[in-house]
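Reader: I would like to go through this model with you. I will ask how each label is earned.

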Amino acid sequence: MQFSKRIYLFLIPGALLYFTFFILPTLGAFFYSITDWDGANTDFNFVGLANYMDLFTNDIVFMKSLGNNLKFLLAVVIFQTIFSLIFALILLKNTKTNIFFRALFFFPTILSSVSVAFIWSFIYAPSIGLMNPFLESIGLGNLTQNWLGNPEIAIFSLAFVQIWFHTGQVMIIFIAGLQNVPKELYEAAIVDGASRWQRFAKITWPLIAPATTMVVGYTIIQSFKAFDLVFAMTGGGPAFSTEILVTFIYNSAFSHYQFGYASAASVILMIIVAGITLIQFRLIGRNKVEH
Amino acid sequence: MIRSLFKKILVLLFALLIIIPVFMVVITTLKTSDYFYLDPTGLPDPVTFQNFIAIVTENNLHIHFLNSLIVSVSTILLCLFVASLVSYVIMRLKGWKSALLFGLFILGMMLPAQVNMIPLYGVLDTLGLLNSLIGLVLVSTTTFMPVVVFIVAGFMKTIPGSMIEASTMDGASEWQIYWKVALPLSAPAMATAAIFVGVMVWNDLLYPLLFVASPEKKTLPLSLLDFQGEYFTNYPMIFSGVLIASIPMIILYIFLQRYFMEGITAGANKG
């Protein structure tokens with residue numbers, strides 16, 4: 001097929017934007033990470049790897065934010081994946097009722113994180129909220145809590161909101177994957193007398209393993225990106241108990257004006273996310289099932 | 001029997017977990033503040049629409065609404081235009097060149113926007129685009145371009161080569177083929193991508209928070225964020241704002257569910 005070389009002109013606007021607002025700042029993060037730039041002054045010094053050393057040896061808040069991010073991530077990955085898979089299996093068939101419930105479960109995804117943060121701040125509020133009176137009314141009064149004020153559990157209260165927010169979306173990803181499973185496989189298995197569990201373990205699971213790998217990878221990365229929700233709900237408090245990596249980066253840069261230092265934390269985030277993506281790709285490649 | 005009952009209960013529980021909070025938001029907006037503190041969870045008595053008027057006039061919410069609309073619509077148009085041009089080239093080129101171009105442009109999907117927010121602030125500062133809606137549009141366009149290229153280029157590859165070939169025979173220029181053949185045929189993918197970009201930009205807090213400071217440039221999520229400090233626990237006021245900010249997406253969602261699910265899921269596929 002012939003085409004004129006002028007077709008390359010089509011790339012100019014995209015390439016220009018991409019270079020200015022993506023490639024340049026991404027490289028910039030590496031550059032600033034070895035400086036002591038404060039974000040305002042034009043002159044700054046190169047400090048080598050001092051920012052990285054400080055992060056890992058001197059900064060309790062940074063280490064805490066890594067730990068919180070891990071707690072948040074584990075809670076979300078485990079429960080969101082299980083719930084969304086269960087709902088995907090229940091609502092798999094395209095009946096009218098199922099389509100209605102799918103649309104309902106997906107609904108929170110279209111709301112802004114700020115709106116979701118306000119809704120759940122209200123539900124969690126100790127005196128005027130919904131959660132504590134509800135627990136009391138079903139006889140679980142001893143479980144009432146200051147859900148966002150207690151440093152021990154605030155990060156899990158946030159994880160619960162994240163799960164509420166995105167389970168429907170992940171369910172849809174699973175349904176898309178599951179509807180690709182050929183019906184004949186099930187019919188053959190039923191003829192062979194396979195039990196429900198055997199059918200799941202031997203047919204459904206191997207076929208949705210790639211979807212699961214993708215979902216888990218996506219959920220992990222989402223957990224690292226959960227800036228909007230955490231920032232609007234707790235701002236990282238109380239006592240840094242909900243500080244995660246992205247809020248730490250934001251606060252270092254825009255509250256403490258340590259742009260170089262925050263850039264070093266960004267590079268670490270970049271390495272973590274790139275690592276997860278690479279692992280995910282290798283697993284998906286290995287899990288691909290031919291049928 | 002028991003298994004199916006258990007499944008139904010599970011589905012109903014999660015349904016209630018979504019319906020009850022939404023219902024609470026709606027009834028709370030209809031309460032006077034005084035009555036809310038008296039009975040935070042009960043039905044409104046009397047019913048008032050005063051909160052909506054107060055929240056808009058006290059905060060110039062109509063201006064922030066308009067800003068959100070301008071930024072969202074401009075980003076959708078610019079992003080779809082730029083990304084579909086790239087997608088078209090990816091379709092027309094064959095072999096390694098096409099694969100390389102595709103790989104380069106979707107690379108951005110791998111990295112969350114948060115990782116380069118600090119240098120990005122520097123770039124906008126240098127270009128004099130801080131505190132401007134144009135800056136927001138350009139940055140958002142770039143951030144979502146990889147996903148749109150992913151959706152649209154993937155779709156364009158399925159256009160039969162013979163259709164493009166026929167157009168070249170007729171002596172059409174590349175621009176004409178792009179504008180008159182490739183683009184109209186990609187309408188479903190473009191719609192999906194438009195919804196994806198629209199939801200993301202309409203709801204985004206991070207970029208406005210980073211790059212916009214003056215009150216008359218704020219978008220809705222940023223404006224909403226101020227309510228916490230301003231109204232503390234005055235939820236009738238706060239939720240009136242939440243409802244106003246969510247209404248456009250809810251209305252679109254009712255009519256375009258399929259595109260929302262496809263768009264946000266396609267974005268998730270590698271978002």
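Reader: How many salt bridges does the rule find across the interface of chain A and chain B?

Author: It finds 0 salt bridges there. A note first: the model is predicted. A salt bridge needs a side-chain nitrogen of Lys or Arg within 4 Å of a carboxyl oxygen of Asp or Glu. Across this interface the rule finds 0 such cases, so no pair earns the name.

Reader: How are the residues on the side of chain A that touches chain B divided by class?

Author: They divide into 59 nonpolar, 17 polar and 4 charged. Helix α1 (residues 12-32) of chain A gives the largest share of that side, with 14 residues.

Reader: What is found in the way of polar contact across the interface?

Author: The rule finds 13 residue pairs in polar contact, both residues at pLDDT 80 or more. The test is a pair of N or O atoms within 3.5 Å, one able to donate a hydrogen and the other to accept it. The 13 pairs pass that test, so they are called polar contacts.

Reader: How many residues are in contact between the chains, and how much area is buried?

Author: 80 residues of chain A are in contact with 91 residues of chain B. They count because contact means heavy atoms within 4.5 Å. The buried area is about 7800 Å², and carbon and sulfur atoms give 80% of that. This figure is summed over both chains, because buried area is defined that way.

Reader: What makes up chain B?

Author: Chain B has 13 helices and 0 strands. Its C-alpha trace spans about 75 × 65 × 35 Å along the principal axes.

Reader: What is the volume of the largest cavity, and why is it called a cavity?

Author: Its volume is about 870 Å³. It is called a cavity because a 1.4 Å probe fits inside but cannot get out. Of the 42 residues that line the largest cavity, the closest to its centre are Gln222(A), Lys225(A), Gln114(B), Phe144(B) and Met200(B). α7(B) gives the most to this lining, with 5 residues. By class, the lining has 24 nonpolar, 15 polar and 3 charged residues.

Reader: How many cavities of 30 Å³ or more does the search find?

Author: It finds 3 in the whole structure. The second largest cavity holds about 50 Å³ of space. Its lining includes Ser112(A), Ser115(A), Trp202(B) and Asn203(B). α12(B) gives the most here, with 3 residues. The lining divides into 5 nonpolar, 4 polar and no charged residues.

Reader: What is the volume of the largest pocket, and what makes it a pocket?

Author: The volume is about 1400 Å³. It is a pocket because its set of points is open, with protein on both sides within 12 Å along at least five of seven lines. Of its 30 lining residues, the closest to the centre are Leu89(A), Ile90(A), Leu92(A), Arg196(A) and Lys7(B). α1(B) gives the largest share of the lining, 8 residues.

Reader: Which classes line the two largest pockets?

Author: The largest pocket has 16 nonpolar, 6 polar and 8 charged residues in its lining. Lys7(B) is among the residues closest to its centre. Lys counts as charged, so Lys7(B) falls in that class. The second largest pocket has 28 nonpolar, 3 polar and no charged residues. Trp120(A), Met131(A), Phe134(A), Phe160(A) and Leu17(B) lie nearest its centre. These five are nonpolar, because Trp, Met, Phe and Leu count as such.

How values were computed
Residues numbered from 1 in each chain as written. Chains lettered and ligands numbered in written order. Predicted model: local features only at pLDDT ≥ 70, side-chain atom pairs only at ≥ 80, totals over all residues. Heavy atoms only, no water. 1 Å grid on protein atoms, 1.4 Å probe; cavity = no way out; pocket = protein on both sides within 12 Å on 5 of 7 lines; lining within 4 Å. Points joined across faces, edges and corners; volume = space filled by probe spheres on them. Helix = DSSP H or I, 4+ residues; strand = E, 2+ residues; numbered from the N terminus. Buried area = accessible area lost by both parts, 1.4 Å probe. Polar contact = N/O pair within 3.5 Å; in protein donor to acceptor, adjacent residues only side chain to side chain.
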